[in-house]
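This report describes the architecture of a single protein chain for a reader working at the bench. The account moves from individual residues to the core and then to the surface.

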Amino acid sequence: MKAILYRNLILLKPYLYTLLVIILMSSVLIVLPMENFFKIAILSMLVLTLHIVFLVSSYYLFIRINKNHSEYTFLSLPVKQSTVINTHYLTALILILLIQITLALLSAIALLFKGSGIELTYDVYGMFFNIASNLLTISLILPFGEYKRLLRIPLIFWMIIVGAIIPNLVQYIDYVLSWFSIHTTVFAKHDMAIYLSFSIILFIVAYVIAIRKAQKNTITI
């Protein structure tokens, strides 16, 4: 598992370097002779960048794995396919955890600049959105990554699908239910919590399917 995990992290170097740059930039803001308002504005831009860049980081990983068909090499090694699957999921969870730690660090630094007339809160909505998008991404790639059509979708289009289309569809469930004389605003009010819950459930279901396929040696990524 360690070798595959190391391989996955190497493939994710652009993302890991981006996290490092964001952390360094936010730390430098502490000592810069600048108005707190501008420091918070820069931190907000860093948070936005983090959300956009890391929206579907798991998808990027599997595009890299599949690029030169390196998955066949790893699946031919004397290692259980279930180990390969567990490592892929572990890599995604590690990256999600690193993202959330970075977001928490940015929020903590922002609190240092809090002053009169400046209200700051932790971006729970953004946290839910980022976690949900990444969990949904890996759920759709594994165990379905063998259907290479998914991996032919350009990264930007995948970001639009899981970052805009799917979460916005949740809000319209209330409208669809109204056709059946069911009037509710639950989905509109709690759209992001529902999106996160759906992603977690799908993540668990997809993992179980992937492990079962791995036990039958039918995984191809």
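I4 lies in helix α1, which covers residues 2-11. In this predicted model, I4 has a relative accessibility of 5% and therefore counts as buried, the limit for that class being under 20%. Its C-alpha atom is placed 7.1 Å from that of V84, although I4 and V84 are 80 residues apart in sequence.

The chain as a whole contains 11 helices and 0 strands. Read along the sequence, its pattern is α-α-α-α-α-α-α-α-α-α-α. Of its 221 residues, 42% count as buried. The chain exposes about 12300 Å², and carbon and sulfur atoms supply 72% of this area. The pairing of I4 with V84 spans 80 residues of sequence; for the chain in general, among contacts between residues at least 6 apart in sequence, 81% join residues at least 24 apart.

The interior is considered next. The largest nonpolar core has 49 residues, and those with the most contacts inside it are L43, L50, F54, V56, Y89 and Y195. Two or more residues each are given to this core by α2 (13-28), α3 (36-53), α4 (57-67), α6 (81-112), α7 (124-141), α8 and α11 (191-215). Which element gives the most to this core? It is α6, with 10 residues.

N130 belongs to helix α7. This residue counts as buried because its relative accessibility is 0%, which falls under the 20% limit. When neighbours within four places in sequence are left aside, N130 is in contact with L50, H51, F54, I99 and Q100. Two of these partners, L50 and F54, are named among the residues with the most contacts inside the largest nonpolar core.

Helix α11 also contributes to the core. Does its length agree or disagree with the expected span? Its 25 residues should span 36 Å at 1.5 Å a residue, and its end C-alpha atoms are 36 Å apart, so the two values agree. The buried residues of α11 are D191, M192, Y195, L196, S199, F203, A206, A210, I211, K213 and A214. An α-helix has 3.6 residues a turn, so residues three or four places apart point the same way. The buried residues of α11 pack against α6, α7, α8 and α10 (186-189). One of them, Y195, is in contact with F129, A132, S133, L136, V162, I166 and P167, leaving aside its neighbours within four places in sequence.

The surface carries a nonpolar patch formed by I156, F157, I160, I165, L169, Y172, Y175, V176, W179, F180 and I182. Together these residues have about 1200 Å² of accessible area. The elements that give two or more residues to the patch are α8 (155-171) and α9 (173-178). The largest share, 5 residues, comes from α8.

Two members of the patch may be described individually. L169 is found in helix α8, and its relative accessible area of 51% is over 50%, so L169 counts as exposed. The C-alpha atoms of L169 and F187 are separated by 9.6 Å, with their positions 18 residues apart along the chain. Y175 is found in helix α9 and is likewise exposed, because its relative accessible area is 52%.

K189, placed in helix α10, is exposed as well, with a relative accessible area of 63%. K189 and D174 are 15 residues apart in sequence, and their C-alpha atoms are 10.0 Å apart in space.

The C-alpha separations given above are collected here.

| Residue pair | Separation in sequence | C-alpha distance |
|---|---|---|
| I4 and V84 | 80 residues | 7.1 Å |
| L169 and F187 | 18 residues | 9.6 Å |
| K189 and D174 | 15 residues | 10.0 Å |

In summary, the predicted model is a chain of 11 helices and 0 strands. Its largest nonpolar core has 49 residues, with α6 as the element that gives the most. On the surface, the nonpolar patch takes its largest share from α8.

Definitions and conventions: Residues are numbered from 1 along each chain as its sequence is written. This is a predicted model: local features need pLDDT of at least 70, side-chain atom pairs count only at pLDDT 80 or more; totals for chains, interfaces and linings use all residues. Side-chain values use heavy atoms; hydrogens and water are left out. Patches are made of residues with over 30% relative accessible area and no salt bridge: like charges are joined within 9 Å, nonpolar side chains (Val, Leu, Ile, Met, Phe, Trp, Tyr) within 5 Å. Accessible areas come from the Shrake-Rupley method with a 1.4 Å probe; for residues, only the protein chains shown count as cover. A salt bridge is a side-chain nitrogen of Lys or Arg within 4 Å of a carboxyl oxygen of Asp or Glu. Helices (H or I, at least four residues) and strands (E, at least two) are DSSP runs, numbered from the N terminus. Buried means under 20% relative accessible area, exposed over 50%, partly exposed in between (1.4 Å probe, protein chains only). A nonpolar core is a set of buried Ala, Val, Leu, Ile, Met, Phe, Trp, Tyr and Cys residues joined through side-chain atoms within 4.5 Å. Contact means heavy atoms within 4.5 Å. The expected span of a helix is 1.5 Å times one less than its number of residues.
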